[in-house]
Amino acid sequence: MTGRAVRKVVIAGGGTAGWMVAAALAKNLGTLLEITLVESDAIGTVGVGESTIPTARRFHELIGLDERDFVQATQASFKLGIAFENWAREGDRYFHSFGVTGRSTWMADFHHIWLQAREMGVAGEFGEYCLELQAAEANRFRSGADTPLNYAYHLDATAYGTFLRGFAEPLGVRRVEGKIAEVRLDPESGYIDSLVLEDGQAIAGDLFVDCTGFRGLLIEETLETGYEDWTHWLATDSALAVQTEATAPARPYTRAIAHHAGWQWQIPLQSRVGNGLVYCSRFFSDDEARAKLAERVDGEMITEPRLIRFRTGARRKTWNRNCVAIGLASGFVEPLESTSIHLIMIAVTRLMQMFPFDGVFDAVIKRFNDVSRSEIEAIRDFIILHYHLNERDEPFWKQCREMDIPPSLAQRIELFREGAVAYQASDELFRLDSWVQVMLGQRLQPQSHHAMGRMMQAGQLQNALASLAGNIRETVSNLPEHQQFLSQYCRS
Ligand code: FAD
């Protein structure tokens with residue numbers, strides 16, 4: 001530990017993580033801190049990360065960002081969930097929406113009642129009872145107090161960084177352009193003392209936030225913190241990203257389309273579409289992936305496809321000495337459920353809550369690391385679920401099905417298989433609704449369920465479900481087309 005007061009914060013890196021951290025610290029603790037951000041135009045950013053989850057809205061509220069300004073500046077569209085195509089089997093399609101499905105009671109969650117109704121032959125599709133899902137399928141959307149849709153955004157990653165920079169600099173963040181050539185340590189404490197740029201300029205600080213991306217220039221290359229590799233569970237290690245012209249109105253959802261050794265994303269923005277092919281290089285060469293991507297994108301490519309390598313896993317500690325790693329520097333679970341930007345947001349929120357104003361103390365560091373670890377592990381398990389529960393024939397998918405999975409996930413699968421029991425653990429991001437949608441979508445069939453639904457006659461159950469679905473259909477029919485709403489929203 002060091003009892004040295006923390007006033008000077010130095011953020012290394014100006015990607016989405018660096019500027020989110022800068023914006024949040026400046027807005028909320030700006031009068032107590034001196035904040036400097038160092039970024040290198042020559043190195044650039046990872047340039048992807050365009051699909052978010054609803055917690056992004058909470059982050060924007062926390063820092064006081066105006067939604068309309070944000071949507072205009074980042075070419076954003078609205079997102080109600082993700083459509084998963086070809087996952088358990090070729091030809092399958094299911095939706096993981098941000099909504100709540102049906103109405104649960106204190107005794108049994110809605111899916112138990114739905115399973116009973118299905119057994120009696122009186123249930124519609126599970127998704128018929130979720131407003132967000134139906135709105136997404138109908139390409140309809142409206143935000144505002146009178147429409148209680150739970151939503152997130154698709155955004156242009158580069159524009160988002162620029163937008164956050166425009167927000168943070170007037171709040172006092174000093175931006176320094178240049179390449180960090182050396183990370184200097186205090187010889188006595190082993191703490192980081194300063195960043196030395198290629199031009200010789202030294203930037204001293206009390207606390208350093210490592211947002212330098214995958215390389216983790218401070219946390220790994222300097223402090224050698226270590227990385228826990230999870231590629232035995234999540235084997236994809238490459239992505240080819242390309243932008244295309246939009247050929248149709250923007251849909252209010254992301255598409256995640258499985259292929260023989262990974263999956264493809266489609267993220268619609270206002271004026272273009274973000275596309276990517278995620279794959280495992282042991283089963284698919286870069287050249288094959290390039291050809292497949294060209295074949296599968298809809299519109300004209302407006303950028304060159306860009307190859308990105310990654311390794312799924314987590315830094316052993318995200319806070320080490322006086323360095324906190326946030327963003328890709330802290331770890332990465334592949335982008336299937338768009339969780340990385342969320343992890344940045346909760347990391348910087350926690351940093352503000354546990355900020356070491358009067359010195360860096362070991363117990364605080366430990367708590368920060370423990371919570372960060374349990375959050376990313378829960379996300380990891382949820383992503384593995386999509387891969388593991390499959391019935392596909394290709395070697396990649398066979399390996400995913402047959403691999404050992406973390407005991408925490410194995411237990412969840414067993415619970416659902418045996419008695420349709422699903423839950424959200426405390427501090428866990430994904431709600432029960434998310435787990436149920438994905439488990440059913442990946443064809444996990446429960447062998448039994450809660451008997452509460454049996455207390456109703458089939459006719460009663462049928463009427464109750466029909467009325468639920470009818471109300472949802474009516475609400476959806478009164479919503480505007482997503483693209484139309486978006487155009488008006490940006491104009492007004
Ligand atoms: P980077 O963008 O890599 O930024 C690193 C910064 O450090 C840059 O400014 C760079 O210039 C600077 N830097 C590095 N070295 C030096 C140096 N020596 N001197 C000075 N500066 C330096 N997340 C989501 O939430 N949703 C998604 O849909 C999603 N899709 C993804 C798809 C792929 C294929 C990948 C790989 C990631 C995806 N992510 C997604 C994750 C998301 O892209 C990142 O979480 C986000 O962009 C934050 O990145 P970063 O700021 O940590 O790193």
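User: Which word describes how helix 9 and helix 10 stand to each other?

Analyst: This model is predicted. Helix orientation is read from the angle between two axes, and angles from 115 to 145 degrees fall in the oblique class. Helix 9 and helix 10 (residues 395-402) cross at roughly 125°, and their axes come within 8 Å. The two helices are therefore oblique to each other.

User: Which residues of helix 9 and helix 10 meet?

Analyst: A contact is read by listing the residues that each helix contributes, here with heavy atoms within 4.5 Å. From helix 9 come His386, Tyr387 and His388, and from helix 10 come Phe396, Trp397, Cys400 and Arg401. Sorted by class, this contact holds four nonpolar, two polar and one charged residues.

User: At what angle do helix 9 and helix 11 pack?

Analyst: The same reading applies to this pair. Helix 9 (residues 362-388) packs against helix 11 (residues 407-419) at an angle of about 60°, and their axes are 10 Å apart. Helix 9 is therefore oblique to helix 11.

User: What is the handedness of the crossing of helix 9 and helix 11, left-handed or right-handed?

Analyst: Handedness tells which way the near helix is turned from the far one. For helix 9 and helix 11, the crossing is right-handed. On the helix 9 side, Arg380, Asp381, Ile384, Leu385 and His388 take part, and they meet Ser408, Leu409 and Ile413 of helix 11. The classes in this contact are four nonpolar, two polar and two charged residues. His388 also belongs to the residues of helix 9 that meet helix 10.

User: At what angle do helix 1 and helix 2 pack?

Analyst: Helix 1 (residues 16-29) and helix 2 (residues 55-63) have axes 9 Å apart, and they pack at an angle of about 40°. Helix 1 is therefore oblique to helix 2. The contact joins Met20, Ala23, Ala24, Lys27 and Asn28 of helix 1 to Phe59, Leu62 and Ile63 of helix 2. Its residues divide into six nonpolar, one polar and one charged.

User: How many residues surround the ligand, and which are the closest?

Analyst: Ligand surroundings are read first as a list of residues, then as individual atom pairs. Here 35 residues surround the ligand, and the closest are Gly14, Ser51, Ile180, Leu328 and Ile341.

User: Where does a backbone N or O atom of Ala17 lie?

Analyst: A backbone N or O atom of Ala17 is 3.0 Å from an oxygen atom of the ligand. For Gly15, a polar backbone atom is 3.4 Å from a ligand oxygen atom. A backbone N or O atom of Cys211 likewise lies 3.4 Å from an oxygen atom of the ligand.

Technical notes:
Residues are numbered from 1 along each chain as its sequence is written. This is a predicted model: local features need pLDDT of at least 70, side-chain atom pairs count only at pLDDT 80 or more; totals for chains, interfaces and linings use all residues. Side-chain values use heavy atoms; hydrogens and water are left out. Axes are lines fitted to C-alpha atoms, for helices over the stretch in contact, and angles run from 0 to 180 degrees between N-to-C directions. Helices (H or I, at least four residues) and strands (E, at least two) are DSSP runs, numbered from the N terminus. Angles under 35 degrees count as roughly parallel, over 145 as roughly antiparallel, 65 to 115 as roughly perpendicular and the rest as oblique. Ala, Val, Leu, Ile, Met, Phe, Trp, Tyr, Cys and Pro count as nonpolar, Asp, Glu, Lys and Arg as charged, and the others, Gly among them, as polar. A residue is near a molecule or strand if one of its heavy atoms lies within 4 Å of it. A polar contact is a pair of N or O atoms within 3.5 Å; within protein, one must be able to donate a hydrogen and the other to accept it, and residues adjacent in sequence count only if both atoms are side-chain atoms.
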